Amino acid sequence: MLKVGALAAVCLVSFLTGCATAPATTPEDPWEGMNRAVFRFNDRLDYWVAKPVAKGYLAIAPSFVETGVDNFFSNVSEVPNVFNGILQAKWKQAGYDSSRFLLNTFAGLGGLVDVAAEAGLPKSQREDFGQTLRLWGVPQGPYLVLPVLGPSTITALAGLPVDWFVSPTSYLSNEPLRYGLTALDYTNIRAGLLEAEGLVSGDKYLFYREAYLQNRAFLVNDGTVEDTFGGDLEDFDDF
């Protein structure tokens with residue numbers, strides 16, 4: 001997991017590099033030249049490392065293991081959901097997500113089994129601190145592609161340390177276990193995106209940028225944004 005200081009350094013370097021080398025092409029993406037360079041780096045890293053690992057994971061893991069892993073990390077994400085739901089004054093949703101977390105943790109083998117869904121409590125929309133900042137009136141800020149972490153915006157990036165701070169896995173004292181769970185989480189996310197690759201067309205950079213920005217708008221506005229981009233992009237919720 002990146003430390004807050006390293007994250008701030010990445011942001012600062014990206015800002016300075018982008019301002020120095022990339023002309024403003026669109027209002028939401030003024031650092032497109034720098035972002036495209038980072039995107040190409042990430043794309044190569046994905047091609048040689050992340051994608052083969054994700055394919056290998058799907059090839060060797062039985063379907064019930066994949067489901068259990070997905071349920072586990074989905075359950076862990078309920079804690080930031082509850083935290084941000086409270087900050088956004090979404091009391092009903094915060095209570096709903098709390099019920100899901102408690103039920104799955106204590107009756108679902110630590111979250112491996114989504115018993116809450118079976119009890120009529122399906123997973124609700126993801127909430128993060130970047131969304132909370134937007135609700136509080138903080139501007140979205142420019143689009144930014146981060147090394148390894150991928151697409152973001154300045155405000156979404158600013159919210160990451162808070163979400164990491166409230167995530168239960170951040171408090172594991174066993175570092176190999178903590179880093180191992182982080183790697184498994186990213187592998188699980190990447191495996192879930194393999195099928196969505198068929199949706200990509202045209203300029204890959206622009207496709208991912210528009211998909212990410214529309215998904216962020218969808219999350220911030222609780223699903224009230226009209227989709228003018230097309231396609232079923234729900235897998236991008238994991239960004």
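Which helix does arginine 40 lie in? Some notes on that and a few other spots follow.

1. Arginine 40 belongs to helix H2, which covers residues 32-60. With a relative accessibility of 52%, arginine 40 counts as exposed, because the cut-off for that label is over 50%. Keep in mind while reading the rest that this is a predicted model.

2. Here's a sequence-distant pair to look at: arginine 40 and proline 147 sit 107 residues apart along the chain, yet their C-alpha atoms are 9.8 Å apart in space.

3. Valine 148 is in the loop that joins strand E1 (143-146) to strand E2 (150-153). Its relative accessibility is 60%, so valine 148 counts as exposed. Valine 148 also helps make a nonpolar surface patch of about 720 Å², together with Phe41, Leu45, Tyr47, Trp48, Val49 and Val53.

4. On the overall picture, the protein chain has 10 helices and 2 strands. Going along the sequence, the order is α-α-α-α-α-α-α-β-β-α-α-α. There are 239 residues, and 37% of them count as buried. If you take contacts with a separation of 6 or more, 65% of them come from residues 24 or more positions apart. The chain exposes about 12700 Å², with carbon and sulfur atoms supplying 66% of that area.

5. Next, helix H4, residues 78-87. What are its buried residues? They are Glu78, Pro80, Asn81, Val82, Asn84 and Gly85. These buried residues pack against four helices: H3 (63-76), H5, H7 (129-135) and H8 (154-166). Just past the end of H4, alanine 89 has a positive phi of about 60°.

6. Aspartate 97 is the one I'd like you to look at on screen. Aspartate 97 is part of helix H5, residues 91-107, and it is buried without a salt bridge. Which side chain of opposite charge is nearest to aspartate 97? That is arginine 100, 5.4 Å away. Since a salt bridge needs the charged atoms within 4 Å, the pair does not count as one.

7. What aspartate 97 does have is a polar contact, side chain to side chain, with serine 124 at 2.6 Å. Leaving out residues up to four places away in sequence, aspartate 97 touches Glu78, Asn81, Val82 and Ser124. Among these neighbours, Glu78, Asn81 and Val82 also appear in the list of buried residues of H4, and H5 is one of the helices that those H4 residues pack against.

Conventions: Residues numbered from 1 in each chain as written. Predicted model: local features only at pLDDT ≥ 70, side-chain atom pairs only at ≥ 80, totals over all residues. Heavy atoms only, no water. Buried < 20%, exposed > 50% of the residue type's maximum accessible area, 1.4 Å probe, protein only. Lys, Arg positive; Asp, Glu negative; His and termini not counted. Polar contact = N/O pair within 3.5 Å; in protein donor to acceptor, adjacent residues only side chain to side chain. Contact = heavy atoms within 4.5 Å. Areas by Shrake-Rupley, 256 points an atom, 1.4 Å probe, with all protein chains shown as cover. Patch = residues over 30% accessible without salt bridge, like charges linked within 9 Å, V, L, I, M, F, W, Y side chains within 5 Å.
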